[in-house]
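Visitor: Could you take me through one part of this structure slowly? I'd like to see how two helices can sit side by side.

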Number of protein chains: 2
Amino acid sequence: MNDINYFMKIALEEAKKSDIDIPVGCVIEKEGVILSYTSNKKEKTNDITNHAEIIAIREASGKLNNSRLSSCNLYVTLEPCPMCAWAIINSRIKNVYFGAYNLNYGAFGSKINLNNISQNKVNVYGGIMEDECTKILDEYFKNMRN
Amino acid sequence: MNDINYFMKIALEEAKKSDIDIPVGCVIEKEGVILSYTSNKKEKTNDITNHAEIIAIREASGKLNNSRLSSCNLYVTLEPCPMCAWAIINSRIKNVYFGAYNLNYGAFGSKINLNNISQNKVNVYGGIMEDECTKILDEYFKNMRN
């Protein structure tokens with residue numbers, strides 16, 4: 001297992017803890033050290049800003065005591081929405097690795113690409129462990145329908 | 001003074017308290033009752049997610065104990081960036097009134113329009129008390145350069 005899959009696996013384990021929330025997990029790492037790992041907590045906290053990426057960015061910034069997360073890498077099981085994509089771009093995170101493509105609202109290429117309107121660009125790699133990341137989402141929505 | 005200008009004036013007063021941060025103020029109101037009012041606190045808190053709109057949405061959701069801010073109106077002195085615009089759209093806020101246009105990163109029409117990719121649409125009215133809202137930004141950036 002390479003490093004990218006190693007951290008995505010941790011994000012996947014977090015996603016599985018989402019409980020009532022759409023299962024999305026996120027990890028931020030710098031030079032091999034994990035700064036934050038969390039899941040989507042929107043429903044649990046009654047707060048639409050509590051997507052996994054936003055919580056992870058806040059925690060990592062707090063840990064580094066710096067709003068700039070330069071040299072950090074972010075792993076997330078679902079392609080970020082526009083809110084999270086812009087937060088990632090603004091935080092100066094270096095590389096983003098996402099699992100499942102978000103065809104409805106993905107803001108790193110699937111629906112729109114916010115990198116296109118920003119001076120600062122983040123490197124984005126999609127489809128990492130895509131099958132596993134898609135599977136937990138499919139199961140969640142299947143359970144919701146039943 | 002009409003109601004819209006009344007609430008925008010409060011947002012402007014908040015913007016003036018931004019201190020080291022870019023002066024942006026925000027108010028969320030429901031049926032004439034103010035739920036939250038705040039300024040941009042990104043630099044002050046070392047957290048890029050602490051734009052005025054995000055803080056205001058969190059506080060209003062907390063007060064209503066509901067992630068949906070239906071029937072709420074949001075007043076902000078600067079056109080929201082993509083992060084904030086998507087948070088606003090997802091929160092189901094009904095009407096957004098903004099002051100200055102954000103030509104670089106405005107996500108309600110100036111640079112992009114995130115309403116276009118969302119099923120849920122928010123009503124957006126720009127240029128409210130535009131001169132006053134633009135003036136405090138111009139003064140901030142002038143001071144920064146000197």
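Guide: Here is a close look at one helix pair, followed by how the two copies fit together. First, this is a predicted model, in which local features need pLDDT of at least 70 and side-chain atom pairs count only at pLDDT 80 or more, while totals for chains, interfaces and linings use all residues. Residues are numbered from 1 along each chain as its sequence is written, chains are lettered from A and ligands numbered from 1 in the order in which they are written, and side-chain values use heavy atoms, with hydrogens and water left out.

Now find helix 1 (residues 3-15) and helix 5 (residues 130-145) in chain A, which pack at an angle of about 5° with their axes 11 Å apart. Helices here are DSSP runs of H or I, at least four residues, numbered from the N terminus. The axes are lines fitted to C-alpha atoms over the stretch in contact, and angles run from 0 to 180 degrees between N-to-C directions. So helix 1 of chain A is roughly parallel to helix 5 of chain A, a label for angles under 35 degrees. On the helix 1 side, M8(A), L12(A) and A15(A) meet E132(A), C133(A) and I136(A) of helix 5 in chain A, where contact means heavy atoms within 4.5 Å. Those contact residues split into five nonpolar, no polar and one charged; Ala, Val, Leu, Ile, Met, Phe, Trp, Tyr, Cys and Pro count as nonpolar, Asp, Glu, Lys and Arg as charged, and the others, Gly among them, as polar.

Stepping back, a turn of 180° and a shift of 0.0 Å along the axis lay chain B on chain A with an RMSD of 0.0 Å, superposed by least squares on the C-alpha atoms of residues with pLDDT of at least 70 in both. The two copies are therefore related as by a two-fold rotation axis.

Technical notes
Helix = DSSP H or I, 4+ residues; strand = E, 2+ residues; numbered from the N terminus. Parallel < 35°, antiparallel > 145°, perpendicular 65-115°, else oblique.
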